[in-house]
Amino acid sequence: STGSGSSQSAVSRGNAATDAMVGRLEALLGANFVASDAAAREEYAVDEILPAAVVKPEKAEQVEAIIRFAGSEKLGVIPCGRGSKLGIGMPPERYDVALAMTGLKQITYYDPDDLTLSVDAGMELSTLAEALGAHRQFLPLALPFFDECTVGGAVASGGSSSLRGGAGPAGGVLLCAEFVGVA
């Protein structure tokens, strides 16, 4: 918990600590995957709390490296998609790194005959709908902000739709999921 007046992000710890953290993230991922300018940070604000850095991985291995780094440094990480639901829930106790998942946006497996597919968390629902529509298929997810939602955001926010039938919220259409965490 962050008591009154305590730090909620690396930004408030001072520029030296922030610069060092950003430098280590850049060394880990490459400078083109890390942003710490004001505009990038403001785009991922949660309840007016800004992260110290925004990381935009394009591979699952990069996500794993970010999570391991954040765990070892005791940093607060918030995974983000397009940001349409960043205001849902309680304000974060810590928010050092915005993990922008929109670079992970591939269909990694699709068997239209078996009605199964595997997609990255950052894929937009509208893009997925187009791919499925080419095979006269669809996901029963008519969510608010559909054109702005990612698959991961829809599942994480528990999005629900009148089209869901017996599937329940967005997570009800999942057979399995892969997660990254630290032990």
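Helices (H or I, at least four residues) and strands (E, at least two) are DSSP runs, numbered from the N terminus. With that in hand, let's start at Ser126, which sits in helix α4.

Before going further, a word on what you're looking at. This is a predicted model, where local features need pLDDT of at least 70 and side-chain atom pairs count only at pLDDT 80 or more, while totals for chains, interfaces and linings use all residues. Residues are numbered from 1 along each chain as its sequence is written, and side-chain values use heavy atoms, with hydrogens and water left out.

## Ser126 and helix α4

Is Ser126 buried or exposed? Ser126 is buried, at a relative accessible area of 16%. (Buried means under 20% relative accessible area, exposed over 50%, and partly exposed in between, using a 1.4 Å probe and protein chains only.) Leaving aside residues up to four places away in sequence, Ser126 touches Phe146 and Asp147; contact here means heavy atoms within 4.5 Å.

Ser126 has company. Helix α4 covers residues 125-133, and its buried residues are Leu125, Ser126, Leu128 and Leu132. They take up an arc of only 160° around the axis, so they lie on the same side of α4. That arc is taken from the directions from the helix axis to the C-beta atoms. Among the elements covering these buried residues are β5, β6 and α5 (151-156).

## The whole chain

Stepping back, the protein chain has 5 helices and 6 strands. Read from the N terminus on, the order is α-β-α-β-α-β-β-β-β-α-α. Of the 183 residues in the chain, 34% are buried. Take the contacts between residues at least 6 apart in sequence: 52% of them join residues at least 24 apart.

## Two nonpolar cores

In soluble globular proteins, nonpolar side chains tend to be buried together. Here, the largest nonpolar core has 19 residues, and Met21, Leu25, Val34, Val55 and Leu99 have the most contacts inside it. (A nonpolar core is a set of buried Ala, Val, Leu, Ile, Met, Phe, Trp, Tyr and Cys residues joined through side-chain atoms within 4.5 Å.) The elements giving two or more residues to this core are α1 (15-29), β2 (53-55), α3 (60-73) and β4 (97-100). Which of them gives the most? That's α3, with 5 residues. A second, separate core has 12 residues, including Tyr44, Val46, Ile49 and Ala100.

## A closer look at α3

Helix α3 has 14 residues, which at 1.5 Å a residue should span 20 Å, and its end C-alpha atoms are indeed 20 Å apart. (The expected span is 1.5 Å times one less than the number of residues in the helix.) Its buried residues are Gln62, Val63, Ile66, Ile67, Phe69 and Ala70. Because they cover an arc of only 165° around the axis, they fall on the same side of α3. On the other side of α3, you'll find Glu61 and Ser72 exposed. The buried residues of α3 pack against α1, β2, β3 and β4.

## A hairpin and some positive phi angles

Strands β5 (residues 107-111) and β6 (residues 116-119) pair in the antiparallel sense over 4 bridges. (Two strands pair if DSSP finds at least two bridges between them.) Across this pairing, Tyr109 stands opposite Ser118 in β6. The two strands make a hairpin with 4 residues between them, and Leu115 in the turn has a positive phi of about 60°.

Most residues other than glycine have a negative phi, and most peptide bonds are trans. Two loop residues to look up for their positive phi are these:

| Residue | Phi | Loop | Relative accessibility |
|---|---|---|---|
| Asp47 | about 50° | between α2 (38-43) and β2 | 42%, partly exposed |
| Lys74 | about 60° | between α3 and β3 (77-80) | 66%, exposed |

Neither Asp47 nor Lys74 is a glycine. Lys74 comes just after α3.

## The cysteines

How many disulfides does a search of the whole structure find? It finds 0 disulfides, where a disulfide is a pair of cysteine sulfur atoms within 2.5 Å. Cys80 is buried at 3% relative accessibility, and Cys149 is buried as well, at 1%.
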